[in-house]
Amino acid sequence: MAGLRDNPEVLALRNVVGRELHRFPELDAVRRAAGPERHHPAVAKALRTLADRGRLDIPDLEAAIVQLYALLLYPHVVFGAYGTRVDDDLTERLITAGVDMFLGYYAPSPGASRVT
């Protein structure tokens, strides 16, 4: 995943496709098939399982998925949009802190276990 996340060619292609969607709407279907939406079912299932086990309290599953992506992937997308990259050390710190933030935010309160 790190190779795709910080590969300058992949990031450049993602930026070009994003900028040209208004001219070539058919690109959107291809982009969606290869984008984060295809991972939602797997991430949703994993988060639901953790919630069902009482490990997380997630009142809004869709928002939680986007927040997780934002914490783990979007720094690389933003840096890539400006032609720079996140080095390995910062990547490790961002991922560790991002997971800690996510788990801390969605930590269940006593007796809670819900997913919507």
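In the predicted model, D89 and R93 are both located in helix α7, which spans residues 88-105, and the two positions are four residues apart, or about one turn of the helix. These residues are joined by a salt bridge in which the closest N and O atoms are 2.4 Å apart. Neither partner falls in the buried class, because burial requires a relative accessible area under 20%: D89 is partly exposed at 48% relative accessibility, and R93 is likewise partly exposed, with a value of 47%.

The structure holds two salt bridges, and the other pairing links the side chains of R85 and D88, with an N to O distance of 3.7 Å. Side chains of opposite charge can pair when their charged atoms come close. For R85, the relative accessibility of 46% places the residue in the partly exposed class, whereas D88, with a relative accessible area of 58%, is exposed, since the exposed class begins over 50%.

A nonpolar feature of the surface involves V78, F79 and Y82, which form a patch with about 350 Å² of accessible area together. Within this patch, F79 belongs to helix α6, which comprises residues 74-81, and the relative accessible area of F79 is 34%, so that this residue counts as partly exposed.

Helix α6 also packs against helix α5, residues 61-72, the axes of the two helices coming within 4 Å and crossing at roughly 55°. The arrangement of α5 is therefore oblique to α6. On the α5 side, the contact is made by V66, Y69, A70, L71 and L72, and these residues meet Y74, P75 and H76 in α6.

At the level of the whole chain, the secondary structure consists of seven helices and zero strands, and the succession of elements along the sequence accordingly reads α-α-α-α-α-α-α. The chain contains 116 residues, of which 26% count as buried. Among contacts in the chain with a separation of 6 or more, 67% are accounted for by residues 24 or more positions apart. The accessible surface of the chain comes to about 7800 Å², and carbon and sulfur atoms contribute 62% of this area.

Methods: Residues are numbered from 1 along each chain as its sequence is written. This is a predicted model: local features need pLDDT of at least 70, side-chain atom pairs count only at pLDDT 80 or more; totals for chains, interfaces and linings use all residues. Side-chain values use heavy atoms; hydrogens and water are left out. Patches are made of residues with over 30% relative accessible area and no salt bridge: like charges are joined within 9 Å, nonpolar side chains (Val, Leu, Ile, Met, Phe, Trp, Tyr) within 5 Å. Accessible areas come from the Shrake-Rupley method with a 1.4 Å probe; for residues, only the protein chains shown count as cover. A salt bridge is a side-chain nitrogen of Lys or Arg within 4 Å of a carboxyl oxygen of Asp or Glu. Buried means under 20% relative accessible area, exposed over 50%, partly exposed in between (1.4 Å probe, protein chains only). Axes are lines fitted to C-alpha atoms, for helices over the stretch in contact, and angles run from 0 to 180 degrees between N-to-C directions. Angles under 35 degrees count as roughly parallel, over 145 as roughly antiparallel, 65 to 115 as roughly perpendicular and the rest as oblique. Contact means heavy atoms within 4.5 Å.
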